[in-house]
Structure formats: C-alpha cells, structure tokens
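Please open the model in a viewer with residue selection at hand. The tour below proceeds from one selection to the next and states what is found at each stop.

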Amino acid sequence: MDINKNTIMTPMINIMVLFILFLSREATGQMNNEVLKLNLLKTEIIKMDSLLFDVAFNQCDAAQFKRIIADDVEFYDDRFGLNVSKENEIKSLNEKCIRPEKLTRKLNSCTIDKLGDFGAVQIGEHTFYVDGKPEGTGKFIHIWERKDKDWKLKRIVSYEHRPIKK
C-alpha cells in the first residue's frame, strides 16, 4: 500500500494553520480588551484629576476635595515633607483659598497605568499660576485607589518644584 505524503500532510497543515489563526485571533481579542480597559482607566483618572484640581483646588471647592482625598492620605512634598492628615490637607486648601492672590494649577502632561486590582498610578507635570500668570512647575505621582465605583487619592508625591524664570 503506497500512501502519498501529500495526502497526509495537507490536512495536518490546514489544521495547524487554522489552530494558529484561532490562537492569534484570541490573543488579538484579549489585547484589544486590555487596551479598552486601559483607555477607560485613563479617562476615569483624567476626570478625577480634573475634579481634584479644576474644581476642588482651582475653584476652592473643599467639599469636592474632601470627597476625593482618602481618609488615610499620605502627602510627600519636596518643600514641606510628609503630611498624613486629611484634615490638614483640607485646612491647607482653605488657607490657600482665603489668600488675596489666586493660586491655580494646570495639568501639562501625565501618564496613567493600572495597579492591578488596587487602582492606578498617575505620573505627571503641572504648572501653577498666581493671578493667571505662570509661577512655577512641579512633578507629581498620584496613587489612586478604587473603592467600589469611587476613586480616592491615597498617596501623593509632589516634587521638583521649580519657579518659572522671568
């Protein structure tokens, strides 16, 4: 009995090609799902950043600020050291808001990535303005924790504050 190798090999090759195509399609689907999840995460954190700074900090909305900051917040700052009191952070915001000059912040750039099931890390740079004029820049790292459907700012590292050269 003479068996032609092509008769056996062709169906095996077809099966292998179909299997590889199936695996690559599954991998592409999973990658697309991960990209969509990361894009959603970035959108949520940018929204939280806007609520934290555009609303709470810039517009002096202490109630909004209080909702965003975690009860056990840790704030590390290159100028002032460590603060672990939510009440002190709220007090600092209120003191900023009663000054005659208006201090505001604008986000220049940031990157956002997930931290497993815990939350997200946001690393960025921003500019601070006094009465609408750029005063200085700073860099930051924010650790955001997801609590059910809410986001809380858990850890803050604020560093490399530099005045703008005039």
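**A guided tour of the sheet and its surroundings**

Begin with Asp 131, which is located in the loop between β4 (119-130) and β5 (133-147); helices (H or I, at least four residues) and strands (E, at least two) are DSSP runs, numbered from the N terminus. This is a predicted model, in which local features need pLDDT of at least 70 and side-chain atom pairs count only at pLDDT 80 or more, whereas totals for chains, interfaces and linings use all residues. Residues are numbered from 1 along each chain as its sequence is written, and side-chain values use heavy atoms, with hydrogens and water left out.

**Two loops with positive phi**

Keep Asp 131 selected and display its backbone: its phi is positive, about 50°, although the residue is not a glycine. Most residues other than glycine have a negative phi. Next select Asp 148, in the loop between β5 and β6. Asp 148, also not a glycine, has a positive phi of about 55°. Is Asp 148 buried or exposed? Asp 148 is exposed, with a relative accessible area of 74%; buried means under 20% relative accessible area, exposed over 50%, and partly exposed in between (1.4 Å probe, protein chains only).

**The sheet as a whole**

Now colour the strands. An open sheet of 6 strands appears, in the order β2-β1-β6-β5-β4-β3, with mixed pairing; two strands pair if DSSP finds at least two bridges between them. At the edges are β2 and β3 (103-115), each of which pairs on one side only. From one strand to the next, the twist averages 15°. Add α3 to the view: this helix packs on the sheet, touches β1, β2 and β3, and has a direction at about 70° to that of β1. Contact here means heavy atoms within 4.5 Å; axes are lines fitted to C-alpha atoms, for helices over the stretch in contact, and angles run from 0 to 180 degrees between N-to-C directions.

**Strand β1 and its neighbours**

Select β1 (residues 69-77) together with β6 (residues 150-163): the two run parallel and are joined by 5 bridges. Which residue of β6 is the bridge partner of Asp 77? The partner is Ser 158. On β2, Asp 77 stands opposite Gly 81. Strands β1 and β2 (residues 81-83) run antiparallel, with 3 bridges between them, and a hairpin of 3 residues connects β1 to β2.

Switch to a surface representation and select Tyr 76, Leu 82 and Val 84. These residues form a nonpolar surface patch with about 280 Å² of accessible area together. Patches are made of residues with over 30% relative accessible area and no salt bridge, like charges being joined within 9 Å and nonpolar side chains (Val, Leu, Ile, Met, Phe, Trp, Tyr) within 5 Å; accessible areas come from the Shrake-Rupley method with a 1.4 Å probe, and for residues only the protein chains shown count as cover. Val 84 is placed in the loop between β2 and α3 (86-98).

**Salt bridges**

Return to side chains. The whole structure holds 11 salt bridges, a salt bridge being a side-chain nitrogen of Lys or Arg within 4 Å of a carboxyl oxygen of Asp or Glu. Select Asp 72 and Lys 154, whose side chains meet in one such bridge at 2.6 Å, N to O. Asp 72 belongs to strand β1 and Lys 154 to strand β6, so the pair ties together parts that are 82 residues apart in sequence. Asp 72 is partly exposed at 37% relative accessible area, whereas Lys 154 counts as buried at 13%.

Then move to Lys 139 and Glu 160, whose closest N and O atoms are 3.1 Å apart in a salt bridge. Because Lys 139 lies in strand β5 and Glu 160 in strand β6, this pair ties together parts that are 21 residues apart in sequence. Lys 139 is partly exposed at 26% relative accessibility, and Glu 160 is partly exposed with a relative accessible area of 32%. To see a network, select Asp 72, Glu 145, Lys 147 and Lys 154, which are joined by salt bridges that share partners.

**Between β5 and β6**

Strands β5 and β6 pair in the antiparallel sense over 11 bridges; Thr 137 has Arg 162 as its bridge partner in β6. End at His 142 in strand β5, which counts as buried at 2% relative accessibility. Not counting residues up to four places away in sequence, His 142 touches Leu 52, Phe 53, Ala 120, Val 121, Gln 122, Leu 153, Arg 155 and Ile 156.
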